[in-house]
Amino acid sequence: MNAEQSLAHQDMDCLDLDELLTLADPSVTDLPPEPGWLASALLAQGRRLVGWIPVAVALGAVTYFALSAECGWPVPAAIAITALIAAWLGWGRLFPRLIALGVLCLSVGFLDAWLAAHRAVPMPMLPTRAVVVNATVGAVVPTQARDGTGPGRRVRLENAVFETGVDIGMRPLRRTLLVRLRDDDTTAVAPGMQVRMRALLRPPSPPSWPGGRDPQRDAWFSGAAGSGYALSSVSVIANAHGAFLRDAVERVRERVAHRIGTVLPGQSGAIAQTLLAGEQGAIAPQTRAVFAASGLAHLLAVAGLHLGLVMGLVLVAIRSGLAVSEYAALRWPCREIAAIGAWIAGAGYVLLTGAHLPALRSLGMAAFVLLALLTGRRVMSMRALALVALALLLASPENVLDVSFQMSFAAVMALIAGYETLRRPLERLRGEGEWWRVALGYVAALGLTSLLAGAATLPVSLAHFGLLQPWFVLANLIAVPLAAIWVMPLGLCALALMPFGLDAPALHLMAAGIGLIVSMARGVAGFSLAQIPVPAMPSWALLLYMVALCGLCLWHGRARLLALVPIVLALSAPFLVQKPDLFVAPDAGLIAVRQEGRLAIGGPGGLDLSAARDWLQATALPEAPLPEACDAQVCRIALDGQEVVLRARDRTDGALSPPAALCSGAALFVSVSPARGACQGGVVIDRFSVWRDGAYAAWMTKRGVTILSDRTWRGVRPWVPPPGGRGTPNLPLAQAE
């Protein structure tokens with residue numbers, strides 16, 4: 001190269017892109033403008049933006065459930081069609097495309113939730129008195145006896161018919177009933193049997209306070225009609241011809257649970273029944289409380305952890321067995337065969353444990369992992385998680401309100417994002433493979449897994465259960481390895497040996513491991529501040545946290561740290577939002593007032609005794625009785641500068657009005673009986689009020705009293721019965737009716 005060529009080459013190196021293009025083609029004078037910082041940030045996300053599709057669909061479903069009145073399908077359908085057209089027309093431009101796709105996903109989520117709500121079977125009218133029920137047994141659920149001293153049973157009844165004069169000729173119910181059998185009833189009951197019993201039934205309960213958990217909405221989407229308890233022994237009429245596969249699986253589950261209960265009586269057997277047959281009814285409340293206090297409650301609910309352990313053990317066993325054969329190891333795809341066998345075993349385990357929703361979600365995620373393994377793609381990724389979440393949301397949009405759905409996806413999302421960030425430090429920790437470094441890496445990975453999953457699900461647990469377990473990492477660091485290397489392997493061996501009657505040794509060894517976990521849970525539960533009550537988190541704060549967590553895990557780059565601001569705000573919300581000063585139960589049987597750092601509860605005692613428990617959880621306050629004067633007669637108390645008249649007991653059914661002097665100047669009158677015109681100077685909440693509008697909550701301010709009823713909070717929705725309504729009649733009404 002001569003000197004002139006060298007100088008020309010140096011000049012070309014100094015030219016920028018615009019000058020180079022101008023030299024190549026003098027007609028080119030302008031380049032496309034560089035994208036702004038927001039567009040650059042979005043383009044940098046690449047395929048990770050796919051993870052926001054289920055988030056938008058979930059937000060659309062949440063929008064539907066948050067409405068106070070029904071919205072017909074034409075409006076969201078029109079929005080979806082408009083968004084689809086806009087996405088097609090503006091596909092070549094980034095922001096129009098993303099905005100249109102976002103609106104489309106929101107509309108799809110809204111429409112899907114609307115369709116799920118309106119395709120549900122209407123809630124039937126249950127008899128208010130004891131009735132003879134003729135039904136088919138769908139499942140038998142082991143539970144504890146009422147006195148807690150022995151085993152009990154509950155049956156899920158399908159196609160129920162009431163033998164009353166009013167219901168003669170009724171069609172079988174298309175919803176299910178959950179009925180507790182008598183403790184002294186020894187009649188053998190199995191799925192598929194046609195049975196007859198006398199029972200007292202009740203519909204799903206309304207929320208205990210405005211904004212509290214909604215059992216009526218849960219029952220609407222789950223297909224339940226109500227619950228109750230049997231007053232007589234069960235009479236078996238005949239074996240019905242039901243779903244063969246389902247009944248066969250239920251029979252196997254019952255036999256497995258019965259065998260475990262026979263070999264392992266006590267709480268170790270009850271926990272083994274949960275792990276191997278999905279039957280949780282025999283676990284004592286004390287055991288549940290210990291596991292909840294130590295942060296190990298997830299071990300008592302078959303979900304992703306248990307399925308992962310089962311599939312991992314089966315995969316290792318198949319892979320090791322194939323490796324023994326030189327022919328198979330050299331010629332067969334052993335890894336793929338082991339993965340397929342592990343997934344099949346996992347599917348069988350999910351069926352054996354009752355095919356509960358968390359386990360089904362985990363099985364779906366495992367299916368995507370298997371597909372990625374067979375196609376040579378990344379085994380764990382945000383896209384796989386997004387596809388599973390999208391499929392589950394489209395199939396059952398009500399899942400977005402389910403605590404297990406929220407916790408499982410929050411945990412998996414945090415694990416994927418955490419290990420993406422910390423993979424290299426963990427690899428450096430393992431080093432060159434020395435045994436002590438491998439062991440240290442395993443312990444670090446185990447602790448990191450507990451920390452990531454626990455930290456991600458902790459706010460969700462606080463929102464739904466109102467308890468903080470600060471020692472959960474320590475408890476999981478010990479309990480999860482015990483379950484992985486001791487309890488679950490022996491449990492699988494017991495299942496394999498059970499058809500031959502050789503399962504007893506494996507079950508006893510499994511019980512020893514369960515005993516160690518129970519002892520450790522009791523020790524951790526006994527630590528100082530093992531359970532810290534936390535006030536109820538507002539629904540908007542939980543939504544804010546979930547969206548911020550998605551931003552923290554799905555976004556790529558340092559900008560994800562901005563999501564910590566709304567997370568802190570969401571966690572602070574329970575302590576910033578004022579809690580109600582007064583509660584009234586949905587049946588007017590209980591009244592509670594917040595006074596002097598305690599929640600004073602009194603009244604004649606309602607039909608739903610869980611209201612007091614829900615109030616205590618919502619306020620995180622200790623329980624106290626109402627002042628003696630209030631619990632015996634009409635009284636007047638001061639709450640935050642406002643005078644309140646309480647009539648917590650009234651044997652006259654409102655016939656005697658409180659003295660006028662007692663009502664003078666009172667801002668609120670609360671009565672468990674009809675007010676009948678008493679204390680008209682202020683706001684009145686009486687039995688008729690709760691009959692119309694459900695539970696009440698009241699806040700005392702300097703401006704006066706603010707009250708909120710459950711009906712005002714929930715609005716007019718398909719799962720909210722009309723005032724005084726008890727469901728759709730079981731027989732068609734006459735035209736005049």
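Here are some questions and answers on the cores and one pocket of a predicted model.

Colleague: What are the ground rules for this model?
Modeller: Residues are numbered from 1 along each chain as its sequence is written, and side-chain values use heavy atoms, without hydrogens and water. The model is predicted, so local features need pLDDT of at least 70, side-chain atom pairs count only at pLDDT 80 or more, and totals for chains, interfaces and linings use all residues.

Colleague: Which element gives the most to the largest nonpolar core?
Modeller: Such a core is a set of buried Ala, Val, Leu, Ile, Met, Phe, Trp, Tyr and Cys residues joined through side-chain atoms within 4.5 Å; buried means under 20% relative accessible area (1.4 Å probe, protein chains only). This core holds 54 residues, and Tyr64 and Trp719 are among those that touch the most other members. Elements giving two or more residues include α4 (52-66), α6 (94-118) and α20 (539-554), where helices are DSSP runs (H or I, at least four residues) numbered from the N terminus. The top giver, with nine residues, is α20.

Colleague: Which tryptophans does Tyr64 touch?
Modeller: Contact means heavy atoms within 4.5 Å. Residues up to four places away in sequence are not counted. The partners include Phe110, Arg717 and Pro718, and also Trp114 and Trp719.

Colleague: How many residues are in the second, separate core?
Modeller: Its members include Ala270, Val290, Val302 and Met488. The count is 53 residues.

Technical notes. Buried < 20%, exposed > 50% of the residue type's maximum accessible area, 1.4 Å probe, protein only.
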